[in-house]
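Please open the model in a viewer and keep the selection panel at hand. The stops below proceed from one selection to the next.

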Amino acid sequence: MKQYVLQRLASGLIVLFGISIFSFALIHMIPGDPIRIMLGENASAEQVHALREQLGLNDPLPTQYLNYMTGVLQGDLGTSFKTGRPVLTEILERFPATVKLAASGMALAICIGITMGVLAAKFKDTFIDFTAMSIATLGVSIPNFWLGILLILLFTVKLGWFPIAGGTGLRDLVLPAVTLGVLASTVISRLTRAGMVEVLSQDYIRTARAKGLHERAVLFVHAFRNAMIPVVTIIGLQIASLLGGTVIIERVFDWPGLGSLAINAIASRDFPLVQGIILFIGVIFVLVNLLVDILYSLIDPRIEIGQAKEGGA
């Protein structure tokens, strides 16, 4: 176990290194000069040159990257061009709001997705199965921002049940969490159904039913546990995706999380802040994937942890 975790961490560091290079190169290809945005179009050439020199933007790109990575390895993600505050401080202030939104959406997605998937498998080829999978297919096809806007029009503008946007309270959380959760649940439900249909056709399930076990025990004790490996995989990926994928939803609902911070940073060409957010989310992806790998052995001890991913696929 220990050796495997170390191997996964090593591969995760390689992934993060690649992310850092990609994000650095991509950000510097964005049109627009952050110095002009900071000083305004009326700034003199001397002022622009002085600030570029102060921020190290006159150095060659390889030198800028090495300086940035030197700071990252020391726990310093740089300083925001716009606010002058440490990037890590800016991220940590907004991260709880993003976690709150992503966790709420994920909890809703798991409840809806697993319930729909189990029911669809239990009543395979019936109206319930057809309805559940039709809803799942429709959900996969709907853009999340479009669903968010529809929910705002219905429950905020027309019915007045929820606030417009911009808050962090429970009522402000409902619509963005539902938007995230409903769409994420569609993927979980389809995979849950596929796994359950396969497991329910096994001989040991027929034996369990022949012994007179309650159908609930057959479904959730015997069948569901053995169908969990691919479901855990997709849930792990969905958790990481929701943390990074709240960008549009946060913008639609004016939710003060990392997504809104990232969009504002891109608009102002705040290079250190954008790079820091991308790298921070990359770290979350790596850690979540490692946790998913470890969970495999807890769900089914028969599976070697090093082979879990292959078995889940």
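**First stop: a buried arginine and its partner**

Select Arg-193, which counts as buried, at 18% relative accessibility. The cut-off for buried is under 20% relative accessible area, so the value of 18% places Arg-193 in that class. The coordinates come from a predicted model. Add Asp-129 to the selection: Arg-193 forms a salt bridge with Asp-129, and their closest N and O atoms are 2.7 Å apart. This pair links distant parts of the chain, since Arg-193 belongs to helix H8 (residues 170-200) and Asp-129 to helix H6, 64 residues apart. Is Asp-129 buried or exposed? Asp-129 counts as buried, at 5% relative accessibility.

**Second stop: the H5 and H6 crossing**

Keep Asp-129 displayed and select helix H5 (residues 87-122) together with helix H6 (residues 127-141). The axes of H5 and H6 come within 8 Å and cross at roughly 145°. The crossing of these helices, H5 and H6, is left-handed. Which residues meet here? From H5, select Met-116, Leu-119 and Ala-120; from H6, select Ile-128, Asp-129, Ala-132, Met-133, Ile-135 and Ala-136. Asp-129 thus appears at this meeting of H5 and H6 as well as in the salt bridge with Arg-193.

**Third stop: the network around Arg-85**

Now select Arg-85, Glu-90 and Glu-93, which are joined into one network by salt bridges that share partners. Two pairs can be inspected in turn:

- Glu-90 with Arg-85: the closest N and O atoms of this salt bridge are 3.9 Å apart.
- Glu-93 with Arg-85: the side chains meet in a salt bridge at 2.5 Å, N to O.

Colouring by accessibility is instructive at this point. Glu-90 is buried, with a relative accessible area of 8%. Arg-85 is partly exposed, with a relative accessible area of 31%. Glu-93 is likewise partly exposed, its relative accessible area being 48%. How many salt bridges does the count come to? The count comes to four.

**Fourth stop: a nonpolar surface patch**

Switch to a surface representation and select Phe-145, Trp-146, Ile-149, Leu-150, Leu-153, Val-157, Ile-164 and Ile-248, which make a nonpolar surface patch of about 750 Å². Which helix supplies the largest share of the patch? Helix H7 (residues 144-158) does, with six residues. Within helix H7, centre the view on Leu-153. Leu-153 counts as partly exposed, at 47% relative accessibility.

**Last stop: the whole protein**

Clear the selection and display the protein as a cartoon. The secondary structure comes to 14 helices and zero strands, so a viewer that follows the DSSP assignment should draw helices and no strands. From the N terminus on, the run of elements is α-α-α-α-α-α-α-α-α-α-α-α-α-α.

Three further values describe the protein as a whole:

- Of its 313 residues, 42% are buried.
- Among contacts between residues at least 6 apart in sequence, 72% join residues at least 24 apart.
- The accessible surface comes to about 16600 Å², and 67% of this belongs to carbon and sulfur atoms.

Definitions and conventions:
Residues numbered from 1 in each chain as written. Predicted model: local features only at pLDDT ≥ 70, side-chain atom pairs only at ≥ 80, totals over all residues. Heavy atoms only, no water. Helix = DSSP H or I, 4+ residues; strand = E, 2+ residues; numbered from the N terminus. Buried < 20%, exposed > 50% of the residue type's maximum accessible area, 1.4 Å probe, protein only. Contact = heavy atoms within 4.5 Å. Areas by Shrake-Rupley, 256 points an atom, 1.4 Å probe, with all protein chains shown as cover. Patch = residues over 30% accessible without salt bridge, like charges linked within 9 Å, V, L, I, M, F, W, Y side chains within 5 Å. Axes fitted to C-alpha atoms, helices over the stretch in contact; angles between N-to-C directions. Left-handed = near helix turned anticlockwise from the far one by under 90°.
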